[in-house]
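Student: Could you take me on a close look at the ligand site in this structure? I would like one connected account, please.

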Amino acid sequence: MTEAGAQTLTITRPDDWHLHLRDGAALRAVVGASARQFGRAIVMPNLRPPVVTVAQAGEYRSRILAALADARAAGEIDARAAGFQPLMTLYLTDNTAPEEIRRAGTSGFVHAVKLYPAGATTNSDSGVTDIARPRAALEAMQQADLPLLLHGEVTDGEVDLFDREAVFIERVLEPLRRDFPALRIVFEHITTREAADFVRQADGPIAATITAHHLLYNRNALFAGGVRPHWYCLPVLKREQHRRALVAAATGGNPRFFLGTDSAPHARHLKEHACGCAGCYTAPHALELYASAFEAAGALDRLEAFAGFHGPDFYRLPRNGDRVTLERRRWTVPDGHPFGDGDRVVPLAAGEVLDWQLRG
Ligand code: NCD
Ligand code: ZN
């Protein structure tokens, strides 16, 4: 049922096509939240040190599966959630060898390669310093049909923070699209009208993920009554006109746009800090946040395709066979969740009331 005023919304189980699960005690603390909501997730490789080889990706995958088994044994998640599938990625560097890409292509568990411009965001120091450097790796990816995931911001200090995505399109993405016409590209967590327009119009296989927070908030949220660090992420929230363009893209039915939470947990004390970390923690209430955004746009009937169809179709994986139900019920987002080693992590919109809640 998706009519206005409906009390429940049942849709194919969604996947999260952009997720930070961290490692160690933090991984153990957060993995259940994603597993309760989603069937699968594309897991970001920006650990310290980054996941640069297939062997490291395999080890990280084993640690994620072990954390899930632990959460199941502790009664924190049910048997269905314990079957959550982490889809692994490699972190592209200036020196990624084409052989590593070929190994990734045949591994069966590495589904994409992530490009962080060096210094663009959390744990991106080992990222690409010049797009010309990993050329052989990009050619191997095109050959192996392994998607390239882009953190689409230039790092040039001369470019205004709010313009870095638009400038990335001109300086990096357009040439990349021309030079590698068959490479499957995902422009991750887009935040601007320019990015949505580019993805809609570009030639060749390209898609974009959109977070719930970029659909719900504009940059005023960062400064509402004072600096609000839990709304700080990269790419940073933009003006209202951009938020509206993203809502139009997400709710427009175009298969090039799909769900990626970019849930990026940091310990509370590192967010509420003189130099706070970038990242919004949305995993525990991701679908509830997306449902709010789609309902506000009068487009709840478009949520299923955005959340559950377009992603697997682009990644050439089967859509999930089971379903989830959201219920119209007002509830308050908690102030914090455990984050391992005595730390807490504050979810986005802590203390606010949401209108939808995932059943079970
Ligand atoms: C991410 C993180 O914390 O790992 N932070 C963020 O603000 N999104 C990195 C990223 O995806 O840019
Ligand atoms: Zn991210």
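Tutor: Happily! A polar side-chain atom of Thr121 sits 2.7 Å from an oxygen atom of ligand 1, a polar contact being a pair of N or O atoms within 3.5 Å. His20 also offers a polar side-chain atom, at 3.0 Å from an oxygen atom of ligand 1, while Leu234 uses a backbone N or O atom, at 2.8 Å. The protein covers 100% of the 310 Å² of accessible area that ligand 1 has on its own (Shrake-Rupley method, 1.4 Å probe).

This is a predicted model, where local features need pLDDT of at least 70 and side-chain atom pairs pLDDT 80 or more, whereas totals for chains, interfaces and linings use all residues. Residues are numbered from 1 along each chain as written, chains are lettered from A and ligands numbered from 1 in written order, and side-chain values use heavy atoms, without hydrogens and water.

Around ligand 1 there are 15 residues, and Arg22, Asn46, Thr121, Leu234 and Asp262 come nearest (near means a heavy atom within 4 Å).

His20 and Asp262 lead us on to the zinc ion (ligand 2), which is coordinated by His18 (NE2), His20 (NE2) and Asp262 (OD) at 2.0 to 2.1 Å; donors are N, O and S atoms within 2.8 Å of the metal (3.2 Å for Na, K and Ca), and sites may look incomplete because water is not among the atoms. In sequence, these donor residues are spaced H-x1-H-x241-D.

Methods
Polar contact = N/O pair within 3.5 Å; in protein donor to acceptor, adjacent residues only side chain to side chain.
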